[in-house]
Amino acid sequence: QAQLAESGGGSVQAGGSLRLSCVTSGYYANRRRCVGWFRQAPGKEREAVATRITSDMGLSTYYADSVQGRFTISLDSAEHTVFLQMNNLKPEDTAMYYCAAGPVHYSETSCTESAFAYWGQGTQVTVST
């Protein structure tokens, strides 16, 4: 059983920046896995914001079109902490942000949402005009 704990959310004005962190631990923490950030705004479906596979030098990295060029997903050297650097934030980025992770077969080259077996509790990001 893996555990994920997010931090770093908050309230900022449009154009500002935030950095979300997600500490992962547990059974899958040391295995090749998908890690990523999702978000859900009130009244909207959950969407993938940024995802990648660990230990692949970022080759599998995915960004939603709406955040491309503004958000960056990264890992610490031990690949136990996942970051989401969010720059030039917009009011439409307001949502609850969730960290997720899950094991992935060595042959997989991308992450689908079904790969994410473990989820954090979420951290709120609010962007005001």
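What follows is a short set of questions and answers about this predicted model.

User: Happy to start with the cysteines. How many disulfides does the structure hold?

Analyst: Good place to begin, and bear in mind that this is a predicted model. One disulfide joins Cys22 to Cys99, with an S to S distance of 2.0 Å. Another joins Cys34 to Cys111, at 2.1 Å from S to S. The number of disulfides in the structure is 2.

User: In what pattern do the disulfides of the chain connect, with bonded cysteines counted along the chain?

Analyst: Cys22 is bonded to Cys99, and Cys34 is bonded to Cys111. Counting the bonded cysteines along the chain, the pattern is 1-3, 2-4.

User: How many residues apart in sequence are the parts that Cys22 and Cys99 tie together?

Analyst: Let's place the two ends. Cys22 belongs to strand β3 (residues 18-26), while Cys99 belongs to strand β9 (residues 95-103). Both Cys22 and Cys99 are buried. The disulfide therefore ties together parts whose separation in sequence is 77 residues.

User: And where does Cys111 lie, given that Cys34 is in strand β4?

Analyst: The disulfide between Cys34 and Cys111 has an S to S distance of 2.1 Å. Cys34 sits in strand β4 (residues 33-40), and the pair ties together parts 77 residues apart in sequence. Its partner Cys111 is found in the loop between β9 and β10 (118-119).

User: Is the disulfide of Cys34 and Cys111 left-handed or right-handed?

Analyst: The sign of the torsion about the S-S bond settles this one. For Cys34 and Cys111 that torsion is about -105°. The link of Cys22 and Cys99, with -80° about its S-S bond, is left-handed. For Cys34 and Cys111 the negative torsion likewise means that the disulfide is left-handed.

User: Is Cys111 buried or exposed?

Analyst: A residue counts as buried under 20% relative accessible area. Cys34 has a value of 0%, so Cys34 is buried. Cys111 has a relative accessible area of 15%, so Cys111 is buried.

User: Let's turn to the nonpolar interior. Which strand supplies the largest share of the largest nonpolar core?

Analyst: That core has 28 residues, and those with the most contacts inside it are Trp37, Val49, Phe71, Leu84, Met86 and Tyr97. Several strands supply at least two residues each, among them β1 (2-7), β5 (47-53), β7 (71-75) and β8 (81-86). The largest share, 4 residues, comes from β9.

User: How many residues are in the second, separate core?

Analyst: This core includes Phe38 and Ile53. Cys34 and Cys111 are also included, and these two are joined by a disulfide. The size of this second core is 9 residues.

User: Now the strand pairing. Over how many bridges do β4 and β9 pair?

Analyst: Gly36 has Ala100 in β9 as its bridge partner. β4 and β9 pair in the antiparallel sense, and their number of bridges is 8.

User: Which residue is the bridge partner of Ala101 in β10?

Analyst: β9 pairs with β11 in the antiparallel sense over 3 bridges, and Ala95 stands opposite Val125 in β11. β9 also pairs with β10 in the antiparallel sense, over 2 bridges. In β10, the residue that partners Ala101 is Tyr118.

User: Something for the backbone: what is phi of Glu79 near?

Analyst: Most residues other than glycine have a negative phi. Glu79, in the loop between β7 and β8, has a positive value although it is not glycine. Its phi is near 60°.

User: Is Ser55 buried or exposed?

Analyst: Ser55 lies in the loop between β5 and β6 (62-63), and its phi is positive, near 60°. A residue counts as exposed over 50% relative accessible area. With a value of 56%, Ser55 is exposed.

User: Last one: with which side chain does the side chain of Gln85 make a polar contact?

Analyst: Gln85 has its place in strand β8 and is partly exposed, with a relative accessible area of 26%. Away from its sequence neighbours up to four places off, Gln85 touches Ser17, Leu18, Arg19, Arg70, Phe71 and Thr72. Gln85 and Ser21 are 64 residues apart in sequence, with 8.8 Å from C-alpha to C-alpha. The polar contact of the Gln85 side chain, at 2.9 Å, is with the side chain of Asn87.

Methods: Residues are numbered from 1 along each chain as its sequence is written. This is a predicted model: local features need pLDDT of at least 70, side-chain atom pairs count only at pLDDT 80 or more; totals for chains, interfaces and linings use all residues. Side-chain values use heavy atoms; hydrogens and water are left out. A disulfide is a pair of cysteine sulfur atoms within 2.5 Å. Buried means under 20% relative accessible area, exposed over 50%, partly exposed in between (1.4 Å probe, protein chains only). A nonpolar core is a set of buried Ala, Val, Leu, Ile, Met, Phe, Trp, Tyr and Cys residues joined through side-chain atoms within 4.5 Å. Two strands pair if DSSP finds at least two bridges between them. Contact means heavy atoms within 4.5 Å. A polar contact is a pair of N or O atoms within 3.5 Å; within protein, one must be able to donate a hydrogen and the other to accept it, and residues adjacent in sequence count only if both atoms are side-chain atoms.
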